[in-house]
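Me: I want the reasoning behind the labels, not just the labels. For each term, set the value against the rule and conclude.

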Amino acid sequence: MSDHKTGTREEWLTARLELLEAEKALTRRSDELARRRQELPWVPIDKPYRFETGEGTASLADLFAGRSQLLTYHFMFGPDYTAGCPSCSAIADGFNGSVVHLAHHDVTLCAVSRAPLAKIQEYQQRMGWSFPWASSYGSDFNFDFGVAHTRQEWEAGSVAYNFGAEDLRPAADQKSSLDAFSQSIVGTDWETFRREGPGVSAFALEDGVVYHTYSAYARGLDGLWGMYQWLDRAPRGRNEAGFWWRRHDEYDGR
């Protein structure tokens with residue numbers, strides 16, 4: 001039996017109209033933040049990054065696929081993983097269907113991971129996804145854009161992520177349980193798992209020059225989790241304790 005307050009339709013409508021004003025204010029604030037993202041200075045990319053794709057070796061400019069804008073989702077799938085990160089996989093479930101719409105609005109959306117291409121393609125087939133997905137194996141791309149971390153950073157307790165530095169090393173009494181957890185989801189120990197991170201980066205191509213325009217990490221990716229946007233509108237919200245989601249082919253029953 002729920003202990004949530006109940007009321008009349010009139011009471012609900014009064015409360016809903018008050019909430020509507022707050023929602024409208026948030027929408028206007030979100031529009032303003034989007035404008036400020038677009039006003040960030042563009043930084044030219046000089047490093048000749050190389051990627052492996054289903055069409056062969058590609059440059060960063062090639063990933064635009066003839067369009068002027070590129071969004072890259074930094075998908076956590078390290079070279080030693082046995083499968084892609086379940087959290088990134090949940091996000092990818094949400095954006096897989098958006099790729100065709102973005103492509104017809106001069107935007108290419110492409111995932112990038114450090115796993116070798118063959119491993120990426122096998123996992124993509126398993127998941128039933130069709131979005132472009134490039135391997136940056138052997139490239140500095142993920143390191144330079146803050147989503148892959150060196151062993152030296154890890155051991156120093158100063159991993160650069162989300163425009164800051166943090167210590168991702170587990171406490172001694174947590175290490176075995178975290179190793180077991182990461183082993184269960186991606187087949188590696190905790191350090192190997194967490195030396196990869198999620199993120200999104202945006203690029204523009206103009207007059208043959210590629211520019212970096214935006215990146216976001218951590219909770220800056222909240223809006224990309226399609227399922228959370230739905231849960232935030234459900235009666236009990238996110239209503240979660242710990243890691244409850246799975247890859248879409250791993251749920252039992254309905």
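Reply: Start with the salt bridge: a side-chain nitrogen of Lys or Arg within 4 Å of a carboxyl oxygen of Asp or Glu. The model is predicted, so local features need pLDDT of at least 70 and side-chain atom pairs count only at pLDDT 80 or more, while totals for chains, interfaces and linings use all residues. Residues are numbered from 1 along each chain as its sequence is written, and side-chain values use heavy atoms, with hydrogens and water left out.

Me: What makes Asp 232 and Arg 238 a salt bridge?

Reply: Their side chains meet at 2.8 Å, N to O. That value is within 4 Å, so the pair qualifies. The same rule gives a count of 15 salt bridges. Shared partners also join Arg 126, Arg 247, Asp 249 and Glu 250 into one network of salt bridges.

Me: How do you know whether Asp 232 is buried, partly exposed or exposed?

Reply: By relative accessible area, from a 1.4 Å probe and protein chains only: under 20% is buried, over 50% is exposed, and in between is partly exposed. Asp 232 has 40%, so it counts as partly exposed. Its partner Arg 238, at 23%, is partly exposed as well.

Me: Why are Arg 219 and Asp 222 called a salt bridge, and which label does Asp 222 get for its accessibility?

Reply: The N to O distance between the side chains of Arg 219 and Asp 222 is 2.6 Å, so the distance rule is met. Asp 222 has a relative accessible area of 19%, which makes it buried. Arg 219 has 62% and is therefore exposed.

Me: How do you know that Arg 35 and Glu 39 form a salt bridge?

Reply: The closest N and O atoms of Arg 35 and Glu 39 are 2.4 Å apart, so the pair passes the cut-off. Arg 35 is partly exposed because its relative accessibility is 36%. Glu 39, at 52%, is exposed.

Me: Why is Cys 88 said to be in no disulfide?

Reply: A disulfide is a pair of cysteine sulfur atoms within 2.5 Å. For Cys 88 the nearest cysteine sulfur is that of Cys 85, 4.2 Å away, so the rule is not met. Cys 110 is also in no disulfide: its nearest cysteine sulfur, that of Cys 88, is 14 Å away. The search of the whole structure finds zero disulfides. Cys 88 is buried, at 2% relative accessibility, and so is Cys 110, at 3%.

Me: What makes α2 largely enclosed by the rest of the structure?

Reply: Helices (H or I, at least four residues) and strands (E, at least two) are DSSP runs, numbered from the N terminus. Eight of the ten residues of α2 are buried, so the helix is largely enclosed. Among them are Cys 88, Ile 91 and Phe 95. By contact (heavy atoms within 4.5 Å), the buried residues of α2 pack against β4, α3, β5, α4, α7 and α9.

Me: What makes a space a pocket, and what a cavity?

Reply: On a 1 Å grid over the protein atoms alone, a cavity is a set of points where a 1.4 Å probe fits but cannot get out; a pocket is an open set with protein on both sides within 12 Å along at least five of seven lines; lining residues have an atom within 4 Å of a point. Grid points are joined across faces, edges and corners, and a volume is the space filled by probe spheres set on the points. The largest pocket has about 1,600 Å³. It has 40 lining residues, and those closest to its centre are Ser 30, Arg 37, Gly 220, Gly 223 and Leu 224. The largest share of this lining, ten residues, comes from α1.

Me: How does the lining of the second largest pocket divide?

Reply: Ala, Val, Leu, Ile, Met, Phe, Trp, Tyr, Cys and Pro count as nonpolar, Asp, Glu, Lys and Arg as charged, and the others, Gly among them, as polar. On that basis the second largest pocket, of about 520 Å³, is lined by 17 nonpolar, one polar and five charged residues. For the largest pocket the division is 21 nonpolar, eleven polar and eight charged.

Me: How many cavities reach 30 Å³ or more?

Reply: The count is one. The largest cavity has a volume of about 40 Å³, and its lining includes His 149, Tyr 161 and Arg 194. That lining divides into three nonpolar, two polar and three charged residues.
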